[in-house]
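Let's work through a few exercises together, with the model open beside you. Try each task yourself before reading its solution.

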Amino acid sequence: MDLDSLTQNVSEWLRGTGPESDIVVSTRIRLARNLAQFPFASKATDDIKAQIVGQMQSVLVDLPISKPLSWIDVEALSDVDRQFLVERQLISRELADSAWPRGVAIAKTEDVAIMVNEEDHLRLQVLRSGLAFDDCWEEMNAIDDAIEERVTYAFDDTFGYLTACPTNAGTGIRVSVMMHLPALVQTREVSKVFNALQKINVAVRGLYGEGSQALGDFYQISNQFTLGMSETQIIDKVREVIPMILKYERKARAEMLDAKRADLHDYISRCYGTLCSARKLSSEETMQLLSSVRLGVNMELIDNVSLQTLNQLFIQIQRAHLQKLKHIELSKTERDATRAALIRQRLTDERKDSE
Amino acid sequence: MRNGSERGILRMKKCRRCSKPATLHITEIRKGEVVEIHLCEVCAKDYLSQSEPTDASSPDFEFEKFEEAADQLEAIDDPVCENCGITFREFRKNGRLGCAHDYEAFRNDMIPLLENIHGETQHIGKSPRRSAGTSTTQNQLVRLKGQLKSAIDDERYEDAAKLRDEIIALEAELKGDTAKTE
């Protein structure tokens, strides 16, 4: 697959549509699987890892599912290209940073990605725009079945699907929802919500940024346990907490509008103005500005840019994306300038389209 | 015969270095003699951080022996997976298992560990269409094939022949299993 062609692509799951898409950006389901006849990653030699890649590449490329998959040899990629795939959420940081035979099979629509030789032999991932558990699971389940027709998974009647880390044993499922929670961050209620979630064993983490920081106000909500409940029970467990979080975020947004509509409108408009005119923008500043504008669009305070454009910009302004756009290596200053130019261009095009 | 509680009190030894109660007791056989060394936790730590002993009969020297004995005990008590060679201690240190067979090799330790992590130990939910038996058989095959290779390398042809028969039987079993699910 030609990675350069991906830069032109509009990822399916960033469409900004789907249920609750004002707050929920995407739903993701991931399954961890291992092949029975090979040792796990930590005890598999590079030779064995190469064998696994060889076997899985032919299986995945010919998989009889509705979306044909293309193979990418991650080992052969440049650092920029690996970083590019990480930014697009097609591979994990861990896969990019490893130094052994490994790859990923992805659908052109980028809503299916199957990593080979990460922490486990296989990491299957399906993404959907907005809140879409059932749709996501239906596709994930079918892909899992299709692969299992052609390989033998490591499985035990007591412990379920066997994984390299016992924290993933059993179903091997990770169900996550990516949510945009700027109002809860603003009113400092975010930690209250998270403490409540932790008590019922639902995990939360900021999507971008280090530690507790969540650049762009994006958070990922996911299940903590994988053993002792069925896949659908785990999905339901995550599904159950979403309405509460949506309620709190929407309530906080309504309160903000009530209390200081004029101030908010001014602030958001200035953010939009900066994005339209600035000549250099750091990624941190851009994340903040985009987050405020996204809130503004959802609150219907501004309407000259779509959710889809905003969702995509969050990804396109990242380091490797900018570099691939320009085809040469960029210094930080050049990146900040390229970033600003890209945003100016996209926002101008969008305004022209709506006229 | 003294009763249990009396024996208990009588058994309380003092640390050979200070006079606190000894919590570590080592029985050593040296040159046909049985030697008992008793130490409290603090003195034990202290001895462990000391350098090479000079005198064979000095407390330091006996202490080094204690260290060796403790290491040997730990090694005996550390289960290993015959498939991939990982030890349980190695797994605990790195947090990652070596192969699927580890769940079987360390079964008694995995159950409380999984209970700790997930609050449950029995998998409910999806299972592969092919039986779990196939998965374990595949695992065994990998191990037997490795053993066959070593046997041939070492020219242990009788062992090799036996292993080859086992492999043929297991592969037939696998074929039978696959046939069942189709």
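**Exercise 1. Find which residue is the bridge partner of Gly206(A) in β10(A), then place the strands around β10(A).**

Step 1. Look across from Gly206(A): its bridge partner in β10(A) is Tyr219(A).

Step 2. Widen the view to the strands, which are DSSP runs of E with at least two residues, numbered from the N terminus as helices are (H or I, at least four residues). Strand β9 (residues 202-206) of chain A runs antiparallel to β10(A), joined by five bridges; two strands pair if DSSP finds at least two bridges between them.

Step 3. Now turn to strand β8 (residues 173-180) of chain A, which pairs with β10 (residues 218-223) of chain A, again antiparallel and over five bridges. Here Met178(A) stands opposite Gln220(A) in β10(A).

A word on the model before you go on: it is predicted, so local features need pLDDT of at least 70 and side-chain atom pairs count only at pLDDT 80 or more, while totals for chains, interfaces and linings use all residues. Residues are numbered from 1 along each chain as its sequence is written, and chains are lettered from A and ligands numbered from 1 in the order in which they are written.

**Exercise 2. Decide whether Val185(A) is buried or exposed, and list what it touches.**

Step 1. Locate Val185(A) in helix α6 (residues 182-186) of chain A.

Step 2. Count its neighbours: 20 other C-beta atoms lie within 10 Å, so Val185(A) is buried. The cut-offs are 20 or more other C-beta atoms within 10 Å for buried, 12 or fewer for exposed, and partly exposed in between, with C-beta atoms placed from the backbone.

Step 3. Leaving out residues up to four places away in sequence, Val185(A) touches Val190(A) and Asp217(A); contact means C-beta atoms, placed from the backbone, within 7 Å.

**Exercise 3. Name the buried residues of helix α10 in chain A and some elements that cover them.**

Step 1. Within α10 (residues 307-316) of chain A, Thr309(A), Leu310(A), Asn311(A), Leu313(A), Phe314(A) and Gln316(A) are buried.

Step 2. The cover over these residues includes β1 (24-33), α9 (283-298), α11 (319-326) and α12 (332-354) of chain A.

**Exercise 4. Describe chain A as a whole.**

Step 1. Tally the secondary structure: chain A has twelve helices and ten strands.

Step 2. Check the burial: 47% of the 355 residues in chain A are buried.

Step 3. Finish with the extent: the C-alpha trace of chain A spans about 65 × 50 × 35 Å along its principal axes.

Note on methods: Contact = placed C-beta atoms within 7 Å.
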